[in-house]
Amino acid sequence: MVSRLLVGLVGLPFLTIGACAADLTVGFVTSLSGPGASIGIPYEKGILAGHAYADKAGDQKIKLIRLDDASDPSATARNARKLVQEEKVDVLVGTSGVPGTVAMSVVAAETKTPMISLTPASQPQSPNGQWLISIPQPTTLMVSAVVDEMKKANIKKAAYIGFSDSWGDLVYDALMKTVGGAGIEVLTNERYARADTSVAGQTLKIIAARPDAVITGGSGTPGALPYLALAERGYKGGLYGTHALINPDFVRVGGQAVEGVIAPTGPVIVAEQLPDSNPTKKESLEFRQVYEKTNGAPTRDAFSAYSFDAWLVLLDSARRALAKAQPGTDAFHEAFKDAMLATREIVGTHGVYNFKPGDFYGVDERSRVLVQLKNGKWQLLQ
């Protein structure tokens, strides 16, 4: 699928790329500033790598418009509306956090604009039907891998601390759905805001509960805060997280406090450690090459690969939709929606994608591995 990754790579310094009246127009929103920037910036670098890999769907040029939402869900919604109403985009892609993605998906459904989500969120109920698919792994799929590992470690009592928003809710809900069968009791449900600088009070409650392990529901740089606080207070139990922690800024900020953290992630993060039989290994290694040539530095995060996979799914859907309608029309929106909901066996870096109506997620167990942070690097566990 990605055998031509190194063909025709160019630098992409401008906000609007490849403009032409008849172009297929993609509106991309991410967080280049604010608390979500440590995730949002890699998302942008991944989409640039995708556009460098292929700036056409068949013979149809693709115009890419990128906007910063500053980690503010209300700005995400404004950006999405601007892209749809003023730029007349054919497809929306974004954004860096679940709250922003939910806000964006409301606009997508209202305006009947297909949307490819970069965070594990589903579209709220809409009378206009399903206009969204989600590239990342569903939270329950990833958290269940963590719970299985905790069970192997004979953990009986766990504490939870996560963001006080919809991402924190998603992780906690997934945790509560999966711990019952593992015989693990969840002792706490502590929360903090993405912009907080201290979780001292929450950490004291966690330590007082005497858990065998702590699992967090944060992401990016702010996701390191609970681990730092636990280390300051001498906590020695097990440390677990989710795939939302897999980026260099989390490792840099967390330092020694995050050594030993176990988390699920897509196989792209440890591609060189995978057996050759893994279906995503070849694509993952080639993605790293196209990313480095496009951005001038190697990739060390999971988020840029999500954007790249979104681009692969977009290309496949667009080719099939273009056989039925022209970009810039309601008919194309409908055709693209139908095409993306009929995606079959598209091999990416995080998994193999298959979508269908009523299912927002397109991956299965092939899209997850467990890793542990050792000496500042993620090592494959299984």
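The axes of α10 and helix α11 (residues 330–340) come within 8 Å and cross at roughly 125° in this predicted model. Angles from 65 to 115 degrees count as roughly perpendicular and those over 145 as roughly antiparallel, so α10 and α11 are oblique to each other. The crossing of α10 over α11 is right-handed. On the α10 side, the meeting residues are Leu 314, Ser 317, Ala 318, Arg 320, Ala 321 and Leu 322. On the α11 side, they are Phe 332, Ala 335, Phe 336, Ala 339 and Met 340.

**The nonpolar cores**

Helix α10 (residues 303–322) also matters for the count of core members: it gives the largest nonpolar core its largest share, 13 residues. That core holds 101 residues. Which members touch the most others? Val 93 and Ile 116 do. Beyond its neighbours within four places in sequence, Ile 116 contacts Val 91, Leu 92, Val 93, Gly 94, Ile 133 and Ile 135, along with Ala 310, Leu 314 and Met 340. Leu 314 and Met 340 appear again where α10 meets α11. A second core is separate and has 15 residues, including Ile 65, Leu 92, Met 104 and Ala 108. In soluble globular proteins, nonpolar side chains tend to be buried together.

**Two buried loop residues**

Ser 96 sits in the loop between β5 (91–94) and α3 (98–111). Is Ser 96 buried or exposed? Buried means under 20% relative accessible area, so Ser 96, at 6%, counts as buried. Ser 31 lies 65 residues away along the chain, yet the two C-alpha atoms are separated by 5.8 Å. Setting aside residues within four places in sequence, Ser 96 contacts Thr 30, Ser 31, Gly 36, Ile 39, Gly 40, Tyr 43 and Thr 119.

Thr 280 is in the loop between β12 (262–265) and α9 (281–295). Its relative accessible area is 0%, so Thr 280 is buried too. Not counting residues up to four places away, Thr 280 touches Pro 267 and Leu 274. Thr 280 also touches Val 347, Gly 348, Thr 349, His 350 and Gly 351.

The side chains of both residues make polar contacts, listed here.

| Side chain | Partner | Distance |
|---|---|---|
| Ser 96 | Thr 30, side chain | 2.8 Å |
| Ser 96 | Ser 31, backbone nitrogen | 2.9 Å |
| Thr 280 | Asn 278, side chain | 2.7 Å |

Thr 30 and Ser 31 are thus each a contact of Ser 96 and a polar partner of its side chain.

Note on methods
Residues are numbered from 1 along each chain as its sequence is written. This is a predicted model: local features need pLDDT of at least 70, side-chain atom pairs count only at pLDDT 80 or more; totals for chains, interfaces and linings use all residues. Side-chain values use heavy atoms; hydrogens and water are left out. A nonpolar core is a set of buried Ala, Val, Leu, Ile, Met, Phe, Trp, Tyr and Cys residues joined through side-chain atoms within 4.5 Å. Buried means under 20% relative accessible area, exposed over 50%, partly exposed in between (1.4 Å probe, protein chains only). Helices (H or I, at least four residues) and strands (E, at least two) are DSSP runs, numbered from the N terminus. Contact means heavy atoms within 4.5 Å. A polar contact is a pair of N or O atoms within 3.5 Å; within protein, one must be able to donate a hydrogen and the other to accept it, and residues adjacent in sequence count only if both atoms are side-chain atoms. Axes are lines fitted to C-alpha atoms, for helices over the stretch in contact, and angles run from 0 to 180 degrees between N-to-C directions. Angles under 35 degrees count as roughly parallel, over 145 as roughly antiparallel, 65 to 115 as roughly perpendicular and the rest as oblique. A crossing is left-handed if the near helix is turned anticlockwise from the far one by less than a right angle, and right-handed if clockwise.
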